[in-house]
Amino acid sequence: MKLSSTAITKCTYLGDSTTACGHPTLPGKSYCAEHYAVVYQAGTARARRKKDIRVANTVWNIQDAFNEAVAELEAEGYDINDERWDAVVED
Ligand SMILES: [Zn+2]
């Protein structure tokens, strides 16, 4: 009889339970087909949230930079409500 001490043959998914699922695993995986899909989707959802946070941070950075630029322009006497302020400046 051939035994491997490292191969996981029964699904280790716990979820809300205190006992592992125990269904046969997918080859080379720690989970059965059903729970592998659950774990995989949880992973991609986490990655998506991280990306959302990165995008949000970028938007906030741009907004901060924009607000700073507006504040600088206003300090220099530009009226951002005046449509002529962004006219091409010839030098
Ligand atoms: Zn399972």
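One helix and zero strands: that is the secondary structure of this protein, as seen in a predicted model. The helix, H1, runs from residue 33 to residue 75. Its 43 residues span 62 Å from the first C-alpha to the last, and that is close to the 63 Å you'd expect at 1.5 Å a residue.

So what covers this helix? Hardly anything, because a residue needs 20 or more other C-beta atoms within 10 Å of its own to count as buried, and among the 43 residues of H1 the count that get there is one. The protein as a whole tells a similar story: of its 91 residues, 4% are buried. Contacts over long stretches of sequence are on the low side of the tally too, with residues 24 or more positions apart making up 5% of the contacts that have a separation of 6 or more.

Now pick out one residue, Glu34, which sits in helix H1. Is Glu34 buried or exposed? Glu34 is exposed, because its neighbourhood holds 12 other C-beta atoms within 10 Å, and a residue with 12 or fewer counts as exposed. Look back along the chain from there and you'll find His23, 11 residues away from Glu34 in sequence. In space, the two are 9.4 Å apart, C-alpha to C-alpha.

Finally, go to the other end of the helix. H1 is followed by Gly77, and the phi of Gly77 is positive, near 100°.

Notes
Residues are numbered from 1 along each chain as its sequence is written. This is a predicted model: local features need pLDDT of at least 70, side-chain atom pairs count only at pLDDT 80 or more; totals for chains, interfaces and linings use all residues. Helices (H or I, at least four residues) and strands (E, at least two) are DSSP runs, numbered from the N terminus. Two residues are in contact if their C-beta atoms, placed from the backbone, lie within 7 Å. The expected span of a helix is 1.5 Å times one less than its number of residues.
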